[in-house]
Amino acid sequence: TKGHEGDGSCYNSYPNCPAVEDVNKDFGNAFYNDHHFHYGYHIYAAAVVAKHRPEWGRKYFQQVLLYIRDIANPSPEDKNFPTFRQKDWYLGNSWAAGLMSMELSPHGREQESSSEAIAAFEGIALYGQAMMDAFGDGESYESARLVRNVGELLTSMEVSAANRFWHVWGSKSAEGGDVSSGSGKIHVNTYPSKYTKPVVGMMYDTMASFQTWFAPQDVVSYGIQLIPFTAVSERRDDPEWTRVLYPVYADACEDANEGQDGRFCEDNGWSIVQAGLLAETGQIKEALDLASNIPDIWNSDGACGNSRTNTIWFISTRKPDDVAVAE
């Protein structure tokens with residue numbers, strides 16, 4: 001690929017690295033911001049390829065480990081990467097901010113998409129399992145097993161933290177008592193009753209807010225807690241929460257479409273997310289109908305990485321539910 005000079009060379013190296021000059025460039029990558037969000041997609045893709053082409057997985061095992069070591073290195077003996085770069089072991093969630101937040105916020109570290117953090121660690125677990133199968137035994141097998149175990153631990157912690165800090169439902173306030181979630185477990189709403197949104201868009205060290213970095217529309221704050229739809233989504237999204245969220249999401253999508261030629265959600269992939277969310281409420285047929293009526297954006301940037309096949313797979317494998325969507 002061509003470098004930024006257009007001559008086929010890449011000059012993106014220290015000290016002549018544009019990203020080092022601006023914390024807002026490349027989402028702050030040079031300042032270690034958002035590494036798990038972005039690298040997680042590469043790791044997940046590597047897991048899929050290694051599952052179906054184990055010879056590829058064996059050949060590029062060390063290269064993929066560079067991604068994993070960057071965001072989830074478990075070894076203090078590794079001199080090139082810190083241990084668990086993004087992880088907050090006390091709260092259980094990750095932080096997207098690296099050396100500093102992109103806005104230099106006085107509220108400290110922050111994280112926007114809890115779901116992308118979960119998917120990153122899910123990808124690590126899946127890659128470890130795929131490579132265990134690829135190696136069969138020996139020293140490399142044990143390395144792959146450690147990768148799987150680390151991924152499973154981080155995924156479980158991130159799911160728990162998302163349900164505590166990003167997914168808002170249950171009792172009206174932390175003081176209002178417990179209510180039973182759709183899974184039969186007791187869920188306590190972390191936030192006071194004055195916070196009425198079903199999600200937190202961005203959580204900081206000292207603040208929870210309903211917003212995103214990149215768009216003011218409400219539907220974006222909802223949708224960024226749902227992408228991508230993968231197998232772990234079934235553990236991530238409590239059915240009770242999805243029934244609370246769906247009607248709010250649908251209304252927010254309609255609001256966003258006003259003044260945008262009626263296509264904001266379609267052109268930016270949020271209609272695809274709406275169909276997946278509807279399926280999570282148990283409305284499988286309705287979700288398939290909704291997905292079928294989405295304009296042909298699947299091969300464009302507007303699909304936000306969602307393929308038609310993945311969307312149909314996700315919808316079709318959700319659990320039907322006779323409980324009506326919350327009004």
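In this predicted model, helices α5 and α6 cross with a left-handed sense. Helix α5 spans residues 114–135 and helix α6 spans residues 139–165; their axes lie 7 Å apart and enclose an angle of about 160°. Angles over 145 degrees count as roughly antiparallel, and α5 and α6 are therefore roughly antiparallel to each other. The contact of α5 with α6 draws on 15 nonpolar residues, together with six polar and five charged ones.

A further helix pair is formed by α12 (residues 284–292) and α13 (residues 308–316), which pack at an angle of about 165° with a distance of 9 Å between their axes. By the criterion of over 145 degrees, α12 and α13 are therefore also roughly antiparallel to each other. The crossing of α12 and α13 is right-handed. On the α12 side, the contact is made by I284, A287, L288 and A291, and on the α13 side by T311, I312, I315 and S316. Classified by residue type, this contact of α12 with α13 comprises six nonpolar and two polar residues, and no charged residue takes part. In general, an α-helix has 3.6 residues a turn, so residues three or four places apart point the same way.

Both α12 and α13 also pack against the buried residues of helix α11. Helix α11 covers residues 270–280, and 11 of its 11 residues are buried, so this helix is largely enclosed by the rest of the structure. Its buried residues include the nonpolar side chains W270, I272, V273, L277 and L278, while Q274 and E280 are likewise among the buried residues of α11. Besides α12 and α13, the elements packed against the buried residues of α11 are α7 (218–223), α8 (233–236), α9 (239–257) and α10 (264–267). Helix α11 is followed by G282, which has a positive phi near 100°.

These helices belong to a protein chain that contains 13 helices and five strands. The chain has 327 residues, of which 49% count as buried. Its accessible surface amounts to about 16400 Å², and carbon and sulfur atoms account for 51% of that area. Among contacts in the chain with a separation of 6 or more, 65% involve residues 24 or more positions apart.

Definitions and conventions: Residues are numbered from 1 along each chain as its sequence is written. This is a predicted model: local features need pLDDT of at least 70, side-chain atom pairs count only at pLDDT 80 or more; totals for chains, interfaces and linings use all residues. Side-chain values use heavy atoms; hydrogens and water are left out. Axes are lines fitted to C-alpha atoms, for helices over the stretch in contact, and angles run from 0 to 180 degrees between N-to-C directions. Helices (H or I, at least four residues) and strands (E, at least two) are DSSP runs, numbered from the N terminus. Angles under 35 degrees count as roughly parallel, over 145 as roughly antiparallel, 65 to 115 as roughly perpendicular and the rest as oblique. A crossing is left-handed if the near helix is turned anticlockwise from the far one by less than a right angle, and right-handed if clockwise. Contact means heavy atoms within 4.5 Å. Buried means under 20% relative accessible area, exposed over 50%, partly exposed in between (1.4 Å probe, protein chains only). Accessible areas come from the Shrake-Rupley method with a 1.4 Å probe; for residues, only the protein chains shown count as cover.
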